[in-house]
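Visitor: Please take me through one part of this model in close detail, and set out the reasoning as you go.

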Amino acid sequence: QEGGVVALFKICRQDCFRCIYPQTLRTLASICCVEEGIHQLEKVDGILCLADILTDTSHSEATHAEAAAVIAQITSPHLTFTQHLSSFLENMEEIVTALVKLCQEASSGEVFLLASAALANITFFDTMACEILLQLNAMKILLAACSDKHIVDTPYSRDQVVTILANMSVLDQCASEIIQGNGVQLLMEMLSEKSSSGNAAEVAACERVQQKSAVTLARLSRDPEVADAAVKLSCIPRLIKLCRSPTERNNSDSVLVACLAALRRLAVMSPDALEESDFQQLVKPRLVDSFLLCTNMEESFV
C-alpha cells in the first residue's frame, strides 16, 4: 500500500546501491508472496529488472542468488494468481539461461537451492521452459551437480532437481540425456531418500523426492533403453519394497501410487523380474485395488 515494491525496484536500478542489492531483493521475495506484491512488480517492469540483474555478470553471486529467490517466489506453483505474468514469457529464455549458469557455477548449497527452485517452478509455469532447458544441456548440469555433496547437500535441493527432471521427462529427447548422465542411477538413489533429522519439513521433502523420482522413472521407462537400465540397477525390487513396506515410504500414499505406476511400466518391459505374488498383487489388478491392498498392509503391520 505504501509503494514498497516500487521503492525497492528503484534501489535495484541504481548502481550506487549495488552493495545492498541482495538485502533489497530478499525483501522483495518476502513481499511478492501476495497478489498485490506481484501486481506491483508487473507495473514497474520488475521482471525485466530481475532479468537484467541475472544476466549482468558484474553482479555478485549473492545478488544473483537473491534475484533467483524472487523469481522462485513469483512463479511458485502454489500461487493461483501468476497467470498474468505476461512479461515473464518475454524474458523467460534469458532468465532460464542465467539460472542454469548459476546452478552450474554455484559455490554453495544455498545458491544452488535458490537457482534450482526457480528453475523447478518455471517448468510448471510454462512447458516451453523444458525445451529451453534441453537446449542448454541443463539435465547434464543438474545430474553432475547431484554428484557434488557440497552443492546438492539436502533433500530440499534434490527435490528441486527431481522436479525439473520429472517435468522434462515428458519430452522424448530426455531419455538419451538421462542415460548419458547416469540419471537412472541417480533416480534409483532418490528412491531411497531418507531424512537424517526426522523433522517434519525434511521428511516431507524426502517423500516428494521419492514420489517424483518414481514418476520420472515411469515416464522415462517408455523408452526401452531407460527401462533396461532401470531393471539392471535392481529398480524393480526397490519399487516392490516401497509398495509393500509403509515405513520405507514414510506411510505416504503419493509415493505408493507413483511406485505402483513405475512398477507397472517396468513390468511390461521385464515381466521376468517379478515374482508371481508381486505380479498378482501389485501389477495385475486395477491400480486402485493394488493401492488399497498396500495401504491396508499398514493396519496389519502396526
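Visitor: Is Phe88 buried or exposed, going by its relative accessibility?

Guide: The model is a predicted one, and in it Phe88 has a relative accessibility of 0%, so Phe88 counts as buried. The cut-off behind that word is a relative accessible area under 20%. Phe88 also belongs to an aromatic pair, and the structure holds one such pair. Its partner is Phe125: the two ring centres lie 5.1 Å apart and the planes stand at 80 degrees, so the pair is classed as edge-to-face, the angle being over the 60 degrees that this class requires. The pair joins distant parts of the chain, since Phe88 sits in helix α6 (residues 86–105) and Phe125 in helix α7 (residues 109–125), with their positions 37 residues apart. Phe125, for its part, has a relative accessible area of 21% and is therefore partly exposed.

Further along the chain, the packing of the helices can be described in a similar way. Helix α9 (residues 138–146) packs against helix α10 (residues 155–168) at an angle of about 150 degrees, and their axes are 11 Å apart. Because angles over 145 degrees count as roughly antiparallel, α9 and α10 are roughly antiparallel to each other, and their crossing is left-handed. On the α9 side the contact is made by Met139, Leu142, Leu143 and Cys146, and on the α10 side by Val161, Ile164, Leu165 and Met168. Sorted by class, this contact of α9 with α10 has eight nonpolar residues, no polar ones and no charged ones.

Helix α10 also meets helix α8 (residues 128–135), here at an angle of about 105 degrees and with the axes 9 Å apart, so that α8 is roughly perpendicular to α10. Cys130, Leu133 and Leu134 of α8 make this contact with Ile164, Asn167 and Met168 of α10, and by class it has five nonpolar residues, one polar and no charged.

One residue of a later helix belongs in the same account. Leu186 is found in helix α12 (residues 183–190) and, with a relative accessible area of 10%, is buried. Leaving aside residues up to four places away in sequence, Leu186 touches Leu143, Cys146 and Leu165, and these three names also appear among the residues through which α9 and α10 make their contact. The C-alpha atom of Leu186 is separated by 13 Å from that of Ala166, which lies 20 residues away along the chain.

Methods:
Residues numbered from 1 in each chain as written. Predicted model: local features only at pLDDT ≥ 70, side-chain atom pairs only at ≥ 80, totals over all residues. Heavy atoms only, no water. Phe/Tyr/Trp six-rings, centres within 6.5 Å; stacked < 30°, edge-to-face > 60°. Helix = DSSP H or I, 4+ residues; strand = E, 2+ residues; numbered from the N terminus. Buried < 20%, exposed > 50% of the residue type's maximum accessible area, 1.4 Å probe, protein only. Axes fitted to C-alpha atoms, helices over the stretch in contact; angles between N-to-C directions. Parallel < 35°, antiparallel > 145°, perpendicular 65-115°, else oblique. Left-handed = near helix turned anticlockwise from the far one by under 90°. Contact = heavy atoms within 4.5 Å. Nonpolar A, V, L, I, M, F, W, Y, C, P; charged D, E, K, R; others polar.
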